Structures are given as structure tokens and as C-alpha cells.
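Here are my notes on this one, written with the chain contacts and the packing in mind. Have a look at it yourself, then see whether you read it the way I do.

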Amino acid sequence: MSALFPLTLQGVAVRRQGKRIIGPIDLVLNPQGPTIVIGPNGSGKTTLLRVMHGVERINAGSVSWAAQDRSKHAFVFQSPIVLRRSVAENLAYPLRLVRTPAAQIRETVAYWLDRIGLGSVQNSPATRLSGGERQKLAIARALVRKPDVLFLDEPCANLDGHATHEIETLLQEISAAGTQLVMATHDMGQARRLARDLVFVLDGKIHETGLASEKFAAPQTAALAAFLRGDIVR
Amino acid sequence: MKRLLTTVAMLLWAQTSGAEEMRMAVTTSFDNSGLADVLLPAIKADLDLDVRLLVVGTGQALRLGEAGDVDAVLVHSKAAEEKFVAAGHGTHRREIMYNDFVFVGPKADPAAIVDAASAADAVQRIEAAQAPFVSRGDDSGTHKAEQKIWASAGLDIAGFGDWYRPVGAGMGAALNTASGMNAYIVSDRASWLNFGNKGDLALLYSGDPALFNQYALLPVNPDKNDSIRNDLAVKLEAWLTSPRAAALINGYKINGEALFVFNATP
Amino acid sequence: MVDIWDGFSAAFWLIASFDAELWEISLRSLRVTLTALVIASVIAIPLGTYLAVQRFRYRRFVISMINALMGLPPVVVGLIVYILLSRAGPFGVLNLLFTPTAMIIAQVVIITPVIASIAHQSMRELWAEYHDLLISLNTSKWQRIVTLMRDGRRNLLTAALAGFGRAIGEVGAIMIVGGNIDHVTRVLTTAIALETGKGDFALALGLGFVLIGLAIVVNLAIHTLSRTEREGQW
């Protein structure tokens, strides 16, 4: 689907203050649809995503993309970071960084304002938006530069059902339009709704990977089976 | 950088006045007397010369002259002035006028200096009474004059108790301190008369010739740097020693009292 | 108490009678301090922001130095600037001693560390907020600094106003390098020192109240300006 993949992680480890956060991890990712990273809290999902995106220093191993081009990446953080600017300026910001012509910025911003339904508040400070609106804004802002891969770190963790539904719909649309999603979540329902591929992380290691449909039907390891059942897994 | 600073300076502070300008370091006592407000406009009218005054203590005034940062110095400390000229910092020393120092203290006068026989007698009485005494303590002309009086009375300042308070400040600040502490102090007459915060203080003793306070003009040696305007200092000296200056200086009064006596020799 | 009342009435009459000399020294105070403020801000704000976004070997040392310089007694600054600008000193040929420019230089030296330190504090907080996003968006170092300065401008304004407050009330340094020359370098603070020396407490206090009033007017004016700007965006 994208020239960026496959992504290969070899013997990757991240340690902070002498403590192992993740690793060693060996993983080849060449997804054909939304890839969902699941695992209990603190298992290392966030760190894994950040390593893939290239914003986390690794202490061992290597991360290699088929094509190394970070300008084709975008990342949405668990608690949305909004700039202390207007809603419209938040959307324009990534484009301004790469010196996009003003007319094109206007057009792109108008498109996304309409798409996420924030046109009426485009000139209000983004910091006044609700949690769901902020996250929609953060996702739209991640998409204005038309990335090939979009990482999302539990984007719906703090949102109500309505906002979660809106965001999932948006994600399905952009996935269908050709953007590769790599998303961490610990919401099993969300994983079932969105995932084509599944990566199960446990204790900083890749425990099991494969097609989501197969894994949900027949988990190979006891840990994944237990996790899918809703048991506490360590 | 130089050009930038100059441009900034010129843009913001373009001086419109076409008159010539010189800088003179003077003692606080001279400025506090108010005489400058009479002399400077007259100088401007007669010579078309703006004299910019830097009002500092005698010690700092001489340092400014030594560094060549001013064109002339007007102070009142003969020994230091002669040293300044001998060291080549000034071209010469020209006496202009004198006023006098006075003893100021609490109206109650616990040391009874009001009927002292001489300045030396006055300080001996203060020492005997251990009455609070504020000293400038800043190496100024007034401070040096005060030290000379103690020495002439055969007293050693170093041995004094804490009734003797050197404050290390200008005349006005020292007078403020004396006023606050109700202490004795030696001041020049002009500063005392112009001082606004007299409180319970009064002029108690004056008149001893030992208290005369000679002011002299010292043009700074122009060899120090190219910016020194010795020509203007010479012009100023000629004016300050003229009959016109004599009339203004002798005629300057506060509360009907003359402050300065012109004594320049032509 | 009588003295303070006298001060109030002296201030009132000075202002009510449009005293020419008061106008002159007040305007000079403003000119000197605002010029120093602009120069110091141009140095200190990017510096403080740079120190917030950039890790380098001597960073902690530089920050400690700036914080230490904040405590530098103005008299010492004045003395050093005097020695440098004296005709006998290295920059004597510029002939700047006892000019308003010398006072500006001294004030710049005094308030640059103040502004840099406060700017650094607030920019560090903003950087913590923006860090992940700006790294993710592939921003250059300069883009990070510009973004922080733009979005943190209200905090930077506070930093600048702190510098203004320090400069407008400063007397020790400008007395030495300016010389308190009537009609040339006399400003409000040096005039206050002079009148105190003459024992004219009422006039000194009156000038003091004018100084406070001036500082309040400038603060209010700047805050009002920044609020008008905010209404569109914030």
C-alpha cells in the first residue's frame, strides 16, 4: 500500500534510568489495513509507537523503514496537544512549517474544518474546545500534510461514546482513503471494530501478531486469550 | 556596533542646541548651594556655553578628571587638588571663591559648642560629651576638612566610640542622617541653608578662619585624550574670575545671608 | 505621615501645572527605559527560549549564570560600564559616558538577565507542553523557538514588564554612567536621589509618585493592547 513499509524492528530495546521499558523486540510490519497495538496498561504500547515514529531514543537494535521519510509520518498523542492558537491556526500550523502557499493553506484548513465540524468555532482558541473536539482537531492537524502513516496513541482514552464514535468513523474513512493507521488501544471493542492486523504487547515484548480476525477467534497464547477475556494479565 | 550605537544615540537624542558643551565635575556642596543655578544661565548667556555639571564628591570628581572624562573640576580640598596638579592630571589650580563650614547640631546643644572659642574647642567639647556626631566619611572635601579639625584639636578619630558615625554619604544624605539622629555634623554653610529637612537641628558654631572652605577650578590636562575641551575650560576660567562672576557670587544670598566670597586674583 | 501627604500634593501640583522639567525628565526616563527594554528583550527572549528548547553541554551553567547575574547590584554594573566607557577605558573613543546611551547600556546589562530568566521559566513550561508535537512535526530548532515565542507571548510580556519595572526604578547604575546632568541625563530616579539629598522630601516623594504612576500607566497600556489583540484570537 505504501512505499514506507515494510518496517523492520530488530532487537530494539529502550531503557530509562536503568529500567527496561521495552525490548528486545523483533517485528516486521507490512500491514494491509489498520494495525492495532493492544496490551495492558504499562506494557509498552506508547513507547513502541514512539520508537516506530522515531521520537524515542533506543538503547539497542535498529528500526528501518523501506523508505526513511519522516515527513510522511504523523502522530496523535493520547492527551491531545493543542497549540495556544485558534482552531484554524492549529490546522494551518503544520503547513506553515513547510512553507505551503497561503491559498493552499486556506483551502486545506477549510476542508478539514468542515470535515471535523468545527467550522463555526474556527476563530476561537483551540484550548477552549472539549476533549472530543480537541482530539478531532489533533487528528485533522496530523492529516493536513497528507501523511502515508498515522500513529495514534489511545486517541479515545478519555472520550465519551459519542466522540469515540465520531473519531472511529473518521479513522475508518481515512484508512479507506489510503492512510496506514497504527494505533494503540486497550479498548478491546475498539480493536475489534477497527483492526485488520493485531499486535499484542505484553511486558515490553511482542507477544503475538497476526490478522485480527484470526487472533480474536483463536488466540494462540494463553496470555492473549486471557487478555481478550478481560482477565488481568501481567 | 559602534555605528549602530551612534545611530541609535543620534536618532533618539539629537541635541538641537547649537551651543558648545563642556563637562565639569563639581562637589555636591557647590550644587546644593544653588549657586550653580545662578552662574550657569549667565555663562550660557555670556559665552554661549552649556556647562554640564557632574555632581559628585570631591574624591570622585578628581577621579573623573584623572580619567579624562570631564574637562574641568571644581572642588574644595587644597591638598588633594595640589596632588592632582602635581601628578599632571590638571594643568593648574585657580582659586575662585570660598565659603565656610559650620557646626550644626541639636538645638539643646548637649556639648555646649555654641560658645566654643574655636573650631578645635568645639570638637573637644563634642568629644568630651560623647555626643552623637555624623561624619560624611566619604573622602569628600568636607570630610577632609572635618578630619583636619579633629586633628588640630589633638584627637584621634580611630579611637572614638560609636557616638562618632561616619555614614559614607553625600552632604544631603549625611544631613538627613544627622537630622534623624539629632546629632552634630560639620556642613558647608550653603548646603545647610538650602537643606529642607532641618528638624530639630540648628547652626551652633561658625566663624573660625580654620573653617574657611576654598573652592578652586582645575582644568583637566588635555593631553589625556582628544575629547577634552581645554579651550572651553580656559574660557570658563576667564569668566569665573571676571568682575561679572564676582558680582554674581558675592551677591548670591539665601535668607538674606551671603554664602560665598569671591577671591580670585586676576 | 505629613511628609507622605506633602508628597502627594507635590505630585499633584507637578502634574496639574504641567511642570516643564517634570515632563522632560519623565519623558527621558521613559525613553531610556523603553529603549533598554526593547534591546534587552531582543537579546533575552530568544536566549531564554533557546535555553528552554536546546540541550547542550554548558546549558545548566549558562542558566545558573543568568540567575546569578539577576542578583548583580546595579552599582557594580554602573561601575563596570563606567570603566568601559570612560575616555580612559577601552570604549572611550565612542564618547558615550554621561549620555543617555550609556544609561541604556547599563540598563540593558541589568535587565537582560531578569528577562532571560523569567522568559526561560515560562518557555520551559510551554516547551514541556509542546515538546512531543513539535518533535513529531519535524520542526527545525528555529521553528521551535519561533513557535514558543509566538504562542507564549503573553508570558513573555510578563517577563518584559518585570524588566521594565526593574529598569524604570533603577538609580545606582544610571547615576554613575549618566552623571545626573541636568537637561541631559537627569531622569526621575536620579532626580529623586538628588532631591532627597537636598532634604526636599516632599518633592522627592512627589517625583516618586509620578514614577509609580508612570509605571502603572505603561503596564496598563501594554496589558490593554495585549487584550485587544487577544479578543480576536483568545
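1. A definition to begin with: domain bounds here come from an automatic or database domain assignment. Keep in mind as well that this is a predicted model.

2. On that footing, chain B splits into domain 1 (21-98 + 213-262) and domain 2 (99-211). Taken over C-alpha atoms, the centres of domain 1 and domain 2 of chain B are 26 Å apart. Where these two parts of chain B meet, domain 1 puts in 20 residues and domain 2 puts in 19 residues.

3. Which elements give two or more residues to the side of domain 1 of chain B that touches domain 2 of chain B? They are α2 (28-32) and α4 (58-66) of chain B. The largest share is from α2(B), and that share is 3 residues. By class, this side of domain 1 of chain B has 6 nonpolar, 13 polar and 1 charged residues.

4. Now the chains. There are 2 pairs of chains that touch, and chains B and C have the most contacts among them. Chain A and chain B have no contact with each other, and their closest C-alpha atoms are 33 Å apart.

5. For the pair B and C, the contact takes in 24 residues of chain C and 27 residues of chain B. On the chain C side, α2 (20-53), α5 and α9 (188-197) are the elements that give two or more residues. That side of chain C divides into 8 nonpolar, 11 polar and 5 charged residues.

6. Chain C also touches chain A, with 13 residues of chain C in contact with 14 residues of chain A. Here the elements of chain C that give two or more residues are α5 (100-136) and α6 (141-151). The largest share, 6 residues, belongs to α5(C). The classes on this side of chain C are 5 nonpolar, 5 polar and 3 charged.

7. One helix pair inside chain C is worth a look. α2(C) and α6(C) pack with their axes 10 Å apart, at an angle of about 115°, and the crossing of α2(C) past α6(C) is right-handed. From α2(C) come C:Ile45, C:Pro46, C:Thr49, C:Tyr50, C:Ala52 and C:Val53, and they meet C:Lys141, C:Arg144, C:Ile145, C:Leu148 and C:Met149 of α6(C). What is the make-up of this contact by class? The contact of α2(C) with α6(C) has 8 nonpolar, 1 polar and 2 charged residues.

How values were computed: Residues numbered from 1 in each chain as written. Chains lettered and ligands numbered in written order. Predicted model: local features only at pLDDT ≥ 70, side-chain atom pairs only at ≥ 80, totals over all residues. Contact = placed C-beta atoms within 7 Å. Helix = DSSP H or I, 4+ residues; strand = E, 2+ residues; numbered from the N terminus. Nonpolar A, V, L, I, M, F, W, Y, C, P; charged D, E, K, R; others polar. Axes fitted to C-alpha atoms, helices over the stretch in contact; angles between N-to-C directions. Left-handed = near helix turned anticlockwise from the far one by under 90°.
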